[in-house]
Amino acid sequence: MTSHACRFCSAPLTQLFADLGVTPLANSYVKPELADRPDPVYPLRVFVCAECLLVQADAFASPEDIFSDYAYFSSFSDSWVEHARRFAIGAIERFGLTTASQVIEVASNDGYLLRHFVEREIPVLGIEPARNVADVARAAGVPTECRFFGREAAADLRARGYAADLLIGNNVLAHVPDINDFVAGLAMLLKPEGAISLEFPHLLQLIRNVQFDTIYHEHFYYLSLLAVEKVFSRHGLIVFDVEELPTHGGSLRISACIDEGSSTRRISERVAKVRNDEANAKLTDVDSYAAFQSAVLPVRDGLLAFLRQAKLEGKTVAAYGAAAKGNTLLNFCGIGTHLIEYVVDRSPHKQGHLLPGSRLPIFSPDKLAETRPDYVLILPWNIASEIVSSIDAASWGGRFVVAIPHLQVIG
């Protein structure tokens, strides 16, 4: 099976990592009046480059189609908002940021992170391609430009006097089809002594915990430190620190700077630790990636068996979280309203719509107390504890279910 050339090094892509069939875009929520129209669908396949070991998906939809009007608003996850607050406070101290500094965030969403710098009168600029989301950030007092980021945007911003002491990009590196253009833009927009801070889900954890549901068209890459260091090096950047985070099922937060050979920043021992972990997991061996596909199938089969048994027993099942990862899971498993009645979500931007593919109707979480389902399948398993603590399912005898990395019934 042959795909296209590697987006980083242009080598041919021939080693398959995962094939999840043909699915709609994971964040393309359907308006009820369009329910009779079929979803546009695209192959969802992921390959690993034998030369640079960058894991990447086929691109069948443009970034404009995916991100220009986006349904994900970061502020609707309490745990993620708190994660951002702690990062901002720590970054201000670590990098000595003051009212004379400039903080820039790429893919700044609704301003959930930058507002913590605004509160301390540190100048900020958000860059967000989704117009509907950028409008929310501006309304919250976070200066935001609505545009995609790369060399052209960086050059324009530099010409207008912007240069970052701290350049942030959380969960964006995986979303950019032209990774060379994006990372080159980061290098251009950074001050000589500035720092880049990027967070992204760690490929090592995806493999270990069979997190195949985090594969969807909006994610062009599934990132290891090994591959990211190669990309950064090409563009004159060096990773000087890395933190392992629990967010999104296991993420890395890398800190990078311009590599001029005489950098004053010490390379943290944590960089070598993660390199060794990846090497021990054989992420340096392209042939080892082929085993992932076979690990996915038992997860699908286990969930389907559970749902079919629940239906035979006359049990009702609802889902929590109209998340992109949930759409990958439901569509790969072929699950629809015949097995799950509906899904709830806190975001009013999703409520009243239907999930793409499965066509589950999306309601407010209040719907759970009204209908009292026997089981609630948690789709965003990365915030399962937050969800379980917010819903008193025990009051009506309900129980929670998580499917990844294996089926687990809670309560």
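**Entry 1: strands**

I began with a term, since two strands are taken to pair if DSSP finds at least two bridges between them. The model I am looking at is a predicted one, and I looked first at how Gly169 is placed in it, finding that Gly169 stands opposite Leu198 in S8. I then traced the strands themselves: S7 covers residues 164–170, strand S8 covers residues 190–201, and six bridges join the two, which run parallel. Strand S4, residues 103–106, also runs parallel to S7 and is joined to S7 by three bridges, with Glu105 standing opposite Ile168 in S7. I asked myself how many of the seven residues of S7 are buried. I found six of them buried, so that S7 is mostly covered.

**Entry 2: nonpolar cores**

I looked up the largest nonpolar core next, which holds 63 residues, and noted the members that touch the most other members: Phe17, Phe212, Ile215, Phe292, Ile335, Ile340 and Leu368. Helix H10, which spans residues 292–312, gives the most to this core, namely eight residues. I also noted a second, separate core of 49 residues, with Leu13, Ala164, Phe200 and Val231 among its members. As a general point for my own use, nonpolar side chains in soluble globular proteins tend to be buried together.

I then took Phe212 by itself and asked which residues it contacts beyond its neighbours within four places in sequence. I listed Leu20, Phe292, Val296, Val299, Thr328, Leu329, Phe332 and Ile404 as the contacts of Phe212.

**Entry 3: aromatic rings**

I counted six aromatic pairs, using ring centres within 6.5 Å as the limit. In one of them, Phe149 and Phe182 have ring centres 5.5 Å apart and planes at 80°, and I recorded the pair as edge-to-face because that angle is over 60 degrees. This pair links distant parts of the chain, 33 residues apart, with Phe149 in the loop between strand S6 (144–145) and helix H5 (151–159), and Phe182 in helix H6, residues 179–189. I checked both for burial: Phe149 has a relative accessible area of 10% and is buried, and Phe182, at 1%, is buried too.

I turned next to Phe306 and Tyr375, whose ring centres are 5.0 Å apart and whose planes are at 75°, so I entered this pair as edge-to-face as well. Here 69 residues separate the partners along the chain, Phe306 being in helix H10 and Tyr375 in strand S15, residues 375–378. Both Phe306 and Tyr375 are buried. I also noted that Phe17, Tyr289 and Phe292 form one aromatic cluster.

**Entry 4: charges over rings**

I found Arg234 lying over the face of Phe8, at 4.1 Å from the ring centre. I found the charged end of Lys325 over the ring of Trp381, 5.2 Å from the centre of that ring.

**Entry 5: His248**

I located His248 in the loop between strand S10 (237–245) and strand S11 (251–258). Why did I enter His248 as partly exposed? Its relative accessible area is 21%, and I used that label because buried means under 20% and exposed over 50%. Leaving out residues up to four places away in sequence, I listed what His248 touches as Trp80, Asn171, Pro201, Gln211, Trp381 and Asn382. With Asn171 there is also a polar contact, side chain to side chain, at 3.3 Å. Finally, I noted that the C-alpha atoms of His248 and His202 are separated by 8.9 Å, although the two residues are 46 residues apart along the chain.

Notes
Residues are numbered from 1 along each chain as its sequence is written. This is a predicted model: local features need pLDDT of at least 70, side-chain atom pairs count only at pLDDT 80 or more; totals for chains, interfaces and linings use all residues. Side-chain values use heavy atoms; hydrogens and water are left out. A nonpolar core is a set of buried Ala, Val, Leu, Ile, Met, Phe, Trp, Tyr and Cys residues joined through side-chain atoms within 4.5 Å. Buried means under 20% relative accessible area, exposed over 50%, partly exposed in between (1.4 Å probe, protein chains only). Helices (H or I, at least four residues) and strands (E, at least two) are DSSP runs, numbered from the N terminus. Contact means heavy atoms within 4.5 Å. A polar contact is a pair of N or O atoms within 3.5 Å; within protein, one must be able to donate a hydrogen and the other to accept it, and residues adjacent in sequence count only if both atoms are side-chain atoms. Rings of Phe, Tyr and Trp (its six-membered ring) pair if their centres lie within 6.5 Å; planes under 30 degrees apart count as stacked, over 60 as edge-to-face and the rest as tilted. A charge sits over a ring if NZ of Lys or CZ of Arg is within 6 Å of the ring centre and within 35 degrees of the ring normal.
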